[in-house]
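Me: Could you take a close look at one part of this protein with me? I'd like a single piece explained slowly, with the jargon cleared up along the way.

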Amino acid sequence: MEEEFYAILKLVSGEEIFSLVLVDDSTDETILVLQNPITIKVIHSSSGSLLKVKPWMDLTEDDIHFIKLDKVITMTESNNEKLIELYKNYLEDDDNQSSIDVYRTSGQVKVSEQK
């Protein structure tokens, strides 16, 4: 197994997900191990652009998901610090049930202003 890394994956289903990824090639069939995969949707409005963040699978409490490599069209490693910070903040807020969770309540985070 290799080291884990942050990646954006485009699946054959058309879904685009962001996750911490570990490639398991210890067997004949390569498997991607995804930790807390999320989807990010960009919403444009007159007041700026917003990102809507939500879990990739809504009805599960599992943190780890496995995907066969043949279900992936492309995967790119992400070193984008803002995207990684957004992901980490989402996970921290998701784990903290006692606080008001901006991501779960409104599902949106302001990222830039349009002029």
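What follows is a close look at strand β5 and the residues it meets.

Reply: Before we start, this is a predicted model, where local features need pLDDT of at least 70, side-chain atom pairs count only at pLDDT 80 or more, and totals for chains, interfaces and linings use all residues. Residues are numbered from 1 along each chain as its sequence is written, and side-chain values use heavy atoms, leaving out hydrogens and water.

Find residues 64-68, which make up β5. (A strand is a DSSP run of E, at least two residues, numbered from the N terminus.) Walk along β5 and you'll see the side chains alternate. His65 and Ile67 point to one face and are buried, while Ile64, Phe66 and Lys68 point to the other face and are not. (Buried means under 20% relative accessible area, exposed over 50%, and partly exposed in between, with a 1.4 Å probe and protein chains only.)

Now look at the partner strand. β3 and β5 run antiparallel, and 5 bridges join them. (Two strands pair if DSSP finds at least two bridges between them.) One spot to find on screen is Ile67 in β5, which has Leu32 standing opposite. While you're there, follow β3, which spans residues 31-45, until you get to Asn36. The phi of Asn36 is near 50°, a positive value in a residue that isn't glycine. Asn36 has a relative accessible area of 19%, so Asn36 is buried.

Back in β5, let's zoom in on His65. With a relative accessible area of 10%, His65 counts as buried. What does His65 touch? Leaving out residues up to four places away in sequence, the list is Leu32, Val33, Leu34, Pro37, Trp56, Met57 and Thr60. (Contact means heavy atoms within 4.5 Å.) The His65 side chain also makes a polar contact, reaching the backbone oxygen of Asp62 at 3.4 Å. (That's a pair of N or O atoms within 3.5 Å; within protein, one must be able to donate a hydrogen and the other to accept it, and residues adjacent in sequence count only if both atoms are side-chain atoms.)

Next, Lys68, on the other face. Its side chain meets that of Glu29 in a salt bridge, 4.0 Å from N to O. (A salt bridge is a side-chain nitrogen of Lys or Arg within 4 Å of a carboxyl oxygen of Asp or Glu.) Lys68 lies in β5 and Glu29 in the loop between β2 and β3, so the pair ties together parts that are 39 residues apart in sequence. Are these two buried or partly exposed? Lys68 is partly exposed at 42% relative accessibility, and Glu29 is partly exposed too, at 38%.

For a bit of context, the count for this structure comes to 3 salt bridges. Another one pairs Glu16 with Lys10, whose closest N and O atoms are 3.8 Å apart. Glu16 is partly exposed at 48% relative accessibility, and Lys10 is partly exposed at 29%. Asp58 and Lys54 also meet through their side chains, 3.2 Å from N to O, and Lys54 is partly exposed with a relative accessible area of 33%.

So if you keep one picture of β5, make it the alternation: His65 and Ile67 buried on one face, with Ile64, Phe66 and Lys68 on the other.

Terms used: Helices (H or I, at least four residues) and strands (E, at least two) are DSSP runs, numbered from the N terminus.
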